[in-house]
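Colleague: Could you take me through how the helices of this model pack together, giving the cut-offs behind each term as you go?

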Amino acid sequence: WLYVTDGSVGIRESVYLFPIIEGAHLLGIALSVGVLCWFDLRLLGLTLRDEPVSKVWAQVMPWALVGFVLMLVTGLLLFWAEAVTAYHSFHFWLKLSLILLAGVNALVFETTVRRNITEWDRDAVPPLNARMAGALSLILWTAIIVTGRTMAYTF
């Protein structure tokens, strides 16, 4: 039913609307994941080693949130336009599963690892659990992007 709604048909058949939404989705990904990469690299102790982790977190998270909201809204619009195709796509379900895992990783980081940030905030190389959260985030977001691009080429 979603696929045949006026909004779905309008987005899908528009010469301009679908590409604009898709472009905005890619910009949201670039903004959100791009700034998260800086934070994850800091967690790994590979960059910004002289900066406290809390300072890097405070600087990147507002931008990551803006990018994530843009990515989420445009992703929902793209799904609305291609609901049937997406629903039957293995790549779509894999991407959603990876996004869920990235969310769990972020939740675990926020509720456990970051809780003790005052103990390791200024360390050039954070503790193992922080580094693991950063590495897992980089791996998951890379896989999400690859899966999303693969999904786009299978529609």
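**Helix packing and the nonpolar core**

Modeller: To begin with one interface, E22, L26, I29, V33, L36, C37, D40, L41 and L43 in α2 meet A130, R131, G134, S137, L138, W141, I145 and R149 in α7, where contact means heavy atoms within 4.5 Å and helices are DSSP runs (H or I, at least four residues) numbered from the N terminus. This is a predicted model, in which local features need pLDDT of at least 70 and side-chain atom pairs count only at pLDDT 80 or more, while totals for chains, interfaces and linings use all residues. Residues are numbered from 1 along each chain as its sequence is written, and side-chain values use heavy atoms, with hydrogens and water left out.

Colleague: How are α2 and α7 oriented, roughly parallel or roughly antiparallel?

Modeller: Their axes, which are lines fitted to C-alpha atoms over the stretch in contact, with angles running from 0 to 180 degrees between N-to-C directions, come within 9 Å and cross at roughly 160°. Angles under 35 degrees count as roughly parallel, over 145 as roughly antiparallel, 65 to 115 as roughly perpendicular and the rest as oblique. Therefore α2 is, relative to α7, roughly antiparallel.

Colleague: At what angle do α2 and α3 pack?

Modeller: Helix α2 covers residues 17-43 and helix α3 residues 53-81, and their axes lie 7 Å apart. α2 is again described as roughly antiparallel to α3, and the angle at which the two helices pack is about 155°.

Colleague: Which helix gives the most to the largest nonpolar core?

Modeller: Such a core is a set of buried (under 20% relative accessible area) Ala, Val, Leu, Ile, Met, Phe, Trp, Tyr and Cys residues joined through side-chain atoms within 4.5 Å. Of its 22 residues, F39, L43, V53, F109, W120 and W141 touch the most other members, and α2, α3, α5 (90-113), α6 (117-120) and α7 (128-154) each supply at least two residues. With six residues, the helix that gives the most is α2.

Colleague: Which residues does L43 touch?

Modeller: Residues up to four places away in sequence are not counted for L43. The residues that L43 touches are then V53, F109, W120, P126, A130, R131 and G134.

Colleague: What is the phi of L48?

Modeller: L48 is found in the loop between α2 and α3, and this residue is partly exposed, with a relative accessible area of 36%. Most residues other than glycine have a negative phi. L48 is not a glycine, yet its phi is positive, at about 50°.

Technical notes. Buried < 20%, exposed > 50% of the residue type's maximum accessible area, 1.4 Å probe, protein only.
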